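Colleague: Hi, could you walk me through this one? I'd like to get my bearings before I look any further.

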Amino acid sequence: RTADSENIFVADWVQSYETYFAPFTSKFAPNVVDAAQLDQLRPSPSAPLRILDAAAGTGAVCLYLASLAPGLDHIIATDSSKDMLTTLELKAKAANVQNITTHVADLTDMSCVESESCDVVFVSFGMFFVSDEARPKAWREIARVLKPHGVVSVSVWKHNSTADWLVQSTLAAFPDYDMTKTNFELAYRLADDVKTRKELTDAGFVDIKIGDVKYEHSLPREKFLSLVVDTPILQTNVADEARRAAIVSAARKRLDETCPMTESSCTFEGTAGIVRARRA
């Protein structure tokens with residue numbers, strides 16, 4: 001969801017994201033919001049906060065936030081995908097949420113947000129889309145928009161069975177496939193707590209806390225397969241249609257082996273790291 005690297009959320013895939021991914025990733029929204037400890041940031045219980053949901057996607061976090069304190073806070077949602085934000089806006093309208101404003105912006109350049117203007121910044125499963133080279137700039141940009149002592153709360157993948165399926169299915173079809181030339185495992189760019197702590201520290205953050213949360217999610221068999229193979233990650237990494245077809249075939253074979261045809265649904269799982277830090 002960032003322009004500097006994998007801007008892969010094109011319009012024709014947003015609906016698939018909303019159908020297959022959002023129901024799972026949204027399970028972690030309460031965890032990333034709870035980690036920020038919003039009550040401690042409010043001068044009084046009814047005091048509004050200025051909140052930025054960066055790489056907001058279709059709104060899992062900001063819509064959850066809006067439901068907690070209807071109309072109280074000023075919520076800004078940014079994403080590099082206009083189509084994602086359009087879906088977010090439609091969902092907000094349907095829920096009669098009127099305190100969310102949206103801006104198309106990359107995590108490394110959120111110039112639409114004033115410096116030292118936000119009490120808290122959320123990034124839910126978005127930071128790992130930024131390349132290792134560009135991510136320090138993204139952390140600094142978050143620090144820039146935060147008020148002194150403001151809080152950032154981030155969710156990152158520690159384990160994601162769909163990513164693992166994609167890697168394993170590729171290697172099953174092409175045992176000699178050079179995975180170093182793909183970004184199939186980009187979800188794990190921030191799985192190393194030591195690395196994450198260093199990046200935050202280098203960007204000027206303190207009081208860094210990281211905890212893990214695990215969820216499972218069940219889908220009908222064919223939807224589970226779509227979740228694994230109908231992703232823009234596969235499309236952008238494997239341009240050759242014949243190779244993609246072979247990977248899909250390998251994924252279907254693995255599905256038949258691990259989730260028998262007699263089963264109506266399959267379960268995938270994910271473990272997220274919930275990262276909280278404070279700007280010095």
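Modeller: Happy to. One term before we start: two strands count as a pair if DSSP finds at least two bridges between them. And please keep in mind that this is a predicted model.

Colleague: Noted. How many helices and strands does the chain have?

Modeller: There are 11 helices and 7 strands in the chain.

Colleague: And what share of the residues is buried?

Modeller: Of the 280 residues in the chain, 55% are buried. The accessible surface of the chain is about 12,300 Å², with 51% of that belonging to carbon and sulfur atoms.

Colleague: What about contacts along the chain, what share comes from residues 24 or more positions apart?

Modeller: If you take the contacts with a separation of 6 or more, 84% are between residues 24 or more positions apart.

Colleague: Let's go to the strands, then. In which sense do strand 4 and strand 5 pair?

Modeller: Strand 4, residues 118-124, pairs with strand 5 in the parallel sense, over 6 bridges. If you want a spot to click on, Ser-124 has Ser-155 in strand 5 as its bridge partner.

Colleague: Which helix makes a β-α-β unit with those two?

Modeller: That's helix 6, residues 135-145, and together with strand 4 and strand 5 it forms a right-handed β-α-β unit.

Colleague: How does strand 5 run relative to strand 7, parallel or antiparallel?

Modeller: Antiparallel: strand 5 and strand 7, residues 265-279, are joined by 9 bridges. One place to look is Val-156, which sits opposite Gly-273 in strand 7.

Colleague: And is strand 5 mostly covered or mostly open?

Modeller: Mostly covered. Strand 5 spans residues 146-160, and 11 of its 15 residues are buried.

Colleague: While we're on strand 7, what is Glu-269 in contact with, apart from its neighbours in sequence?

Modeller: Glu-269 lies in strand 7. Leaving out the neighbours within four places, Glu-269 is in contact with Phe-24, His-159, Asn-160, Ser-161, Lys-214, Tyr-215 and Glu-216. His-159 is 110 residues away along the chain, yet the C-alpha atoms of Glu-269 and His-159 are separated by 7.8 Å.

Colleague: So how does Glu-269 count in terms of accessibility?

Modeller: Glu-269 counts as partly exposed, because its relative accessibility is 25%, and buried would need under 20%.

Colleague: Switching to helices. How far does helix 11 reach from end to end?

Modeller: Helix 11 covers residues 241-258, 18 residues in total, and reaches 26 Å from its first C-alpha to its last, close to the expected 26 Å. Its buried residues are Arg-244, Ile-247, Ala-250, Ala-251 and Leu-255.

Colleague: Why do those buried residues line one face of helix 11?

Modeller: Looking down the axis of helix 11, the buried residues fall within an arc of 145°, so they line one face. On the other side of helix 11 you'll find Ala-242, Lys-253 and Glu-257 exposed.

Colleague: And the background to that spacing?

Modeller: An α-helix has 3.6 residues a turn, so residues three or four places apart point the same way.

Colleague: Which residues are buried in helix 5?

Modeller: In helix 5, they are Met-84, Leu-85, Thr-87, Leu-88 and Ala-92. These cover an arc of only 155° around the axis, which puts them on the same side of helix 5. Lys-82, Leu-90, Lys-93 and Ala-94 are exposed on the other side of helix 5. Helix 5 runs over residues 82-94, and its 13 residues reach 18 Å, close to the 18 Å expected.

Colleague: What happens just after helix 5?

Modeller: Asn-96 takes a positive phi of about 60° there.

Colleague: And which residue has a positive phi just after helix 2?

Modeller: That's Gln-37, with a phi of about 55°, although Gln-37 is not a glycine. Gln-37 lies in the loop between helix 2 and helix 3, and at 34% relative accessibility it counts as partly exposed.

Colleague: One last residue: where is Asp-207 found?

Modeller: Asp-207 is in strand 6, residues 205-220. Its phi is near 50°, a positive value in a residue other than glycine. Asp-207 is partly exposed, at 39% relative accessibility.

Colleague: Great, thanks!

How values were computed
Residues numbered from 1 in each chain as written. Predicted model: local features only at pLDDT ≥ 70, side-chain atom pairs only at ≥ 80, totals over all residues. Heavy atoms only, no water. Buried < 20%, exposed > 50% of the residue type's maximum accessible area, 1.4 Å probe, protein only. Helix = DSSP H or I, 4+ residues; strand = E, 2+ residues; numbered from the N terminus. Right-handed = clockwise from strand over helix to strand, strands pointing away. Contact = heavy atoms within 4.5 Å. Areas by Shrake-Rupley, 256 points an atom, 1.4 Å probe, with all protein chains shown as cover. Expected span 1.5 Å × (residues − 1). Arc of directions from axis to C-beta.
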